Amino acid sequence: MADRLRWGILGTARHAQSSMIGPINAGSHGVVHAIASRSLDKAQNVARRLGIPKAYGSYEALLSDPEIDAVYNPLPNHLHVPVSLQAMEAGKHVLCEKPIAMSAAEASTLIDAQRRTERQVMECFMVRFHPQWLTVVDLVQSGRIGVVQAIHGYFAYFNDDPDNIRNKADIGGGGLYDIGVYPVTTSRLVMAAEPSRVSATLVRDPTFGTDRMAAAILDFDGVPATFSCSTRSAPAQRMQLFGTRGSITVEIPFNAPTDRPTRLVVDDARDLFGSGQEVIEIPTVNQYTLMADAFAAAIQQGLPVPLPITDGVANMAVIDALFRAADSGRWELVRMP
Ligand SMILES: NC(=O)c1ccc[n+]([C@@H]2O[C@H](COP(=O)([O-])OP(=O)(O)OC[C@H]3O[C@@H](n4cnc5c(N)ncnc54)[C@H](OP(=O)(O)O)[C@@H]3O)[C@@H](O)[C@H]2O)c1
């Protein structure tokens, strides 16, 4: 393997162009070496603009390039597992966008693939690498807010573009898959546990058939983690943890800025007016660089990737149960495949 892990990018996704290719190159363990698109022209244009040495007119062509060590898969959600499997069979390690799969059962096929191909695969949960969430975990574990009693979350944006992948039900659109996965993964992280059962209600878009508003309760052995997510609401995001001795507010929990510090507000609850608030500023980082570098370093050192694929399966098991609960109108057990 070269000094730096050589990345191939599958597709010319907006997110890859705006938020991943630069941050991968800004890290110390990886470099983007090639990009592929279903259209060679598109791949060449992006390669030229972003200084990527190689461009391919199909994903298969990139996967057969022996110079590529690992691929980043930001394809529409229904292609996450099939193309990641193809990449692993072709000998590449894979960093794949969230949601890792369309279901926990589909995600679990990646566990077998890891064994069979001896290639690793990790879900792109950049928030799990941001120091603000590591700080929240430390604060909770140190008992700073006592025992956690409830978690509240909200994540929303407004997108009614019929051409956007998020508004196409047949390729994995909808809010739960796109953004509901974040309050789920961060609640599981903070609770260091899995919810046993969930309840949910979904509002589906009458034209697109995708869920445009979801409200959910995850039951962590009597501690409810509730959240709502919307694809038709003004952009907003917040996570709050309430404990027996105080609370923590994560001001920008998911799309943490790269041009200013992020803030946690820890309140010791001495009154309801915030007299006991401490603001903890987390220095500016790029969470995509941290994630890509942690992945690349693990691969280079022959170590397991930092976020095991079993975690992705567990996250999808919660999403599966939320869809089931919205259909049945009842609590549904979270079942691992
Ligand atoms: N972690 C994060 O912060 C974050 C943020 C945004 C998005 N994402 C994830 O990144 C992925 C891409 O999101 P995006 O908004 O960047 O999407 P996008 O701009 O629509 O890109 C998707 C790409 O997939 C390729 N593609 C292959 N088959 C396709 C099909 N049937 N329909 C549409 N595109 C197809 C296209 O590339 P070619 O035409 O070049 O082949 C397209 O550029 C999603 O999984 C999303 O969940 C993650």
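Trainee: What makes Arg188 and Asp311 a salt bridge?

Mentor: In this predicted model, the closest N and O atoms of Arg188 and Asp311 are 3.0 Å apart. A salt bridge requires a side-chain nitrogen of Lys or Arg within 4 Å of a carboxyl oxygen of Asp or Glu, so the pair of Arg188 and Asp311 qualifies.

Trainee: Which parts of the chain does this pair tie together?

Mentor: Arg188 belongs to helix α7 (residues 175-191) and Asp311 to helix α9, so the salt bridge ties together parts that are 123 residues apart in sequence. Both Arg188 and Asp311 are buried. Arg128, Arg188, Glu194 and Asp311 are also linked in a network of salt bridges.

Trainee: How many salt bridges are there by this rule?

Mentor: The count comes to 18. One of them joins the side chains of Glu67 and Lys54, at 2.8 Å from N to O.

Trainee: Why is Glu67 called partly exposed?

Mentor: Its relative accessible area is 34%. Buried means under 20% and exposed means over 50%, with partly exposed in between, so Glu67 is partly exposed. Lys54, with a relative accessible area of 23%, is likewise partly exposed.

Trainee: Why is Asp259 called exposed?

Mentor: Asp259 has a relative accessible area of 54%. The cut-off for exposed is over 50%, so Asp259 is exposed. Asp259 forms a salt bridge with Arg260, with the closest N and O atoms 3.1 Å apart.

Trainee: Why is the aromatic pair of Trp7 and Phe295 called tilted?

Mentor: The ring centres of Trp7 and Phe295 are 5.3 Å apart and the planes are at 35°. Centres must lie within 6.5 Å; planes under 30 degrees apart count as stacked and over 60 as edge-to-face, with the rest tilted. The pair is therefore tilted. Trp7 lies in strand β1 (residues 5-10) and Phe295 in helix α8 (residues 287-301), 288 residues apart. Both Trp7 and Phe295 are buried.

Trainee: Where does the largest nonpolar core lie with respect to domain 1 and domain 2?

Mentor: This core has 101 residues, and those with the most contacts inside it are Trp7, Leu218 and Leu322. Domain 1 (5-126 + 289-306) and domain 2 (127-285 + 317-333) both give residues to the core, so it lies between them. Helix α9 (residues 309-328) provides the largest share, ten residues.

Trainee: How do you know that the charged end of Arg197 sits over the ring of Trp331?

Mentor: The charged end of Arg197 is 3.9 Å from the centre of that ring. The rule asks for CZ of Arg within 6 Å of the ring centre and within 35 degrees of the ring normal, and Arg197 is listed as sitting over the ring of Trp331.

How values were computed. Residues numbered from 1 in each chain as written. Predicted model: local features only at pLDDT ≥ 70, side-chain atom pairs only at ≥ 80, totals over all residues. Heavy atoms only, no water. Core = buried A, V, L, I, M, F, W, Y, C linked by side-chain atoms within 4.5 Å. Buried < 20%, exposed > 50% of the residue type's maximum accessible area, 1.4 Å probe, protein only. Helix = DSSP H or I, 4+ residues; strand = E, 2+ residues; numbered from the N terminus. Domains from an automatic or database assignment. Phe/Tyr/Trp six-rings, centres within 6.5 Å; stacked < 30°, edge-to-face > 60°.
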